[in-house]
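Here are some short exercises to work through with the coordinates open. Try each task yourself before reading its solution.

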Amino acid sequence: MKYISTRGQAPVLDFADVLLAGLAEDGGLYVPETLPHFSAATIASWAELPYNELAFKIIQPFVAGCIADVDLQRMIDETYTGFNHIGVAPMVQLGSNEWVLELFHGPTLAFKDFALQLLGRLMDHVLAQRGERLVIMGATSGDTGSAAIEGCRHSQHLDIFIMHPYNRVSEVQRRQMTTILADNVYNIALEGNFDDCQEMVKDSFADQAFLGGLKLGAVNSINWARIMAQIVYYFSSALSVGAPHREVSFSVPTGNFGDIFAGYLAKQMGLPVRQLVVATNRNDILHRVISGNDMSKGQLEHTLSPSMDIMVSSNFERLLFDVYGRDGAAIADLMQRFKKEAVHLEPQRWEAVRALFDSYAVDDATTCDVIRQVHAETGYLLDPHTAIGVKAARECRRDSKVPMITLATAHPVKFPEPVVKAGLQSPQLPAHLSDLFEREERYSVLPNRIAEVQAFMAERVKH
Ligand SMILES: *Cc1c(COP(=O)(O)O)cnc(C)c1O
């Protein structure tokens with residue numbers, strides 16, 4: 001499988017190079033040159049596979065030629081046996097043809113474990129084959145950092161530096177990162193906000209000389225391997241409610257358009273998907289583009305669903321690339337303009353986006369209402385991101401006979417504030433994290449100055 005950039009000017013790469021590269025040289029994102037397509041008969045034949053075997057079927061075509069089948073199956077097995085539910089991605093019923101797909105049974109209690117636990121293993125494997133080392137640098141507002149650290153803590157061939165804004169992530173989120181005491185893991189608490197962290201990562205990728213010859217690797221969802229691993233649970237959940245013999249719809253709480261883009265790919269690969277609902281909070285750029293062809297940055301607002309507090313949805317570029325007939329020059333031009341001003345898609349391109357997606361934006365007050373309402377209806381406790389998904393599903397649903405599956409992206413224990421605001425009792429930490437508040441923490445508080453952060457890293461990386 002070959003990978004091309006959405007801006008058409010970067011070299012064509014194979015899977016292993018895309019895995020280590022992150023962003024393309026031309027500023028674009030890598031996508032597969034062609035997608036595998038599975039017939040209904042093939043999909044039907046997977047109905048009884050356990051999650052890890054299904055994952056192999058779906059991921060194998062994307063890595064073929066770079067990773068041997070036995071190695072791939074072993075890494076997938078190791079990843080998903082580390083989850084705390086035998087079903088890996090179990091479904092819970094909320095109502096008639098209304099389901100929640102629980103994606104929070106991984107080690108850090110958010111859906112990012114599905115991709116990042118595998119990503120760390122894939123990177124380590126490729127680096128070992130090449131005899132190279134890599135330095136992971138990432139910024140986090142919470143969930144990405146802990147999942148990435150957990151995924152990389154056992155890696156022999158990389159060091160990982162994760163920056164979070166000092167005093168601005170929840171205590172559970174911070175402790176999930178800072179209590180991992182591996183000697184290749186470094187937590188930096190930056191005296192700044194999340195945007196400062198992200199800016200510093202971006203500037204460091206642009207000029208990597210401070211690492212004395214080592215290269216940086218990315219763990220955010222610009223990394224193609226993350227999207228790839230997320231395609232699997234669309235298939236597993238759809239199969240469990242009767243696909244491919246019936247259509248299925250999905251509602252996806254999203255900020256960066258990564259998770260829902262994986263659902264779009266599942267549809268392109270042959271899964272009979274009726275509706276794909278984009279669910280956002282007040283940071284609603286995706287809803288504004290889809291419903292009104294208004295692609296403009298708003299003011300970033302802090303909400304009760306902080307993992308979706310994102311102003312620029314980087315993965316949307318991957319969708320636009322398809323909608324613009326894979327014309328890299330057109331995408332490069334569009335993204336250049338978007339940096340400076342509001343953009344509007346050409347009318348027929350926008351119609352194509354609208355034909356693929358529905359969208360809905362939910363404010364904080366409604367988020368709490370939905371948590372309270374669903375708890376009253378079923379006794380089930382939603383996290384705020386998932387509550388936004390459920391609300392959007394209920395608002396956008398067009399056919400009550402088609403199963404509607406909302407992706408539950410986090411365990412409610414990670415975000416207690418809206419649960420308490422909804423008048424409910426905050427849930428308990430699961431058994432494997434029950435001593436989280438007693439564990440030793442390790443992190444370094446650094447000033448918001450790039451020279452000091454880079455010096456800190458340069459002193460610690462292993463060559
Ligand atoms: C990261 C995250 C999201 C948003 O995921 P995208 O990659 O932006 O689609 C939603 N919910 C939770 C809990 C998250 O951690």
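The exercises below look at one helix and its surroundings in a predicted model.

**Exercise 1.** Decide whether helix α12 is enclosed or open, starting from its buried residues.

*Solution.* Begin with the cut-off: a residue is buried when its relative accessible area is under 20%. In α12, the residues that pass are Phe316, Glu317, Arg318, Leu319, Leu320, Phe321 and Val323. That makes 7 of the 8 residues in the helix, which spans residues 316-323, so α12 is largely enclosed by the rest of the structure.

**Exercise 2.** Find the residue just after α12 that has a positive phi.

*Solution.* Step past the end of the helix to Gly325, where phi is about 60 degrees.

**Exercise 3.** Describe how α12 packs against helix α13 (residues 328-340).

*Solution.* Two packed helices are described by the angle and the distance between their axes. Here the axes come within 9 Å and cross at roughly 135 degrees. This angle makes α12 oblique to α13, and the crossing is right-handed. Next, list the contact residues: α12 supplies Glu317, Leu320 and Phe321, while α13 supplies Gly328, Ile331, Leu334 and Met335. Sorted by character, the residues of this contact are 5 nonpolar, 1 polar and 1 charged.

**Exercise 4.** Place these residues in the annotated domain and describe its makeup.

*Solution.* An unreviewed UniProt entry puts "domain: Tryptophan synthase beta chain-like PALP" at residues 90-329. Over that range the chain is 40% helix and 20% strand. To finish, take the C-alpha atoms at its two ends: they lie 42 Å apart.

Technical notes. Residues are numbered from 1 along each chain as its sequence is written. This is a predicted model: local features need pLDDT of at least 70, side-chain atom pairs count only at pLDDT 80 or more; totals for chains, interfaces and linings use all residues. Side-chain values use heavy atoms; hydrogens and water are left out. Buried means under 20% relative accessible area, exposed over 50%, partly exposed in between (1.4 Å probe, protein chains only). Helices (H or I, at least four residues) and strands (E, at least two) are DSSP runs, numbered from the N terminus. UniProt positions are given in the numbering used here, feature names are shortened, and annotations may be inferred rather than shown by experiment. Axes are lines fitted to C-alpha atoms, for helices over the stretch in contact, and angles run from 0 to 180 degrees between N-to-C directions. Angles under 35 degrees count as roughly parallel, over 145 as roughly antiparallel, 65 to 115 as roughly perpendicular and the rest as oblique. A crossing is left-handed if the near helix is turned anticlockwise from the far one by less than a right angle, and right-handed if clockwise. Contact means heavy atoms within 4.5 Å. Ala, Val, Leu, Ile, Met, Phe, Trp, Tyr, Cys and Pro count as nonpolar, Asp, Glu, Lys and Arg as charged, and the others, Gly among them, as polar.
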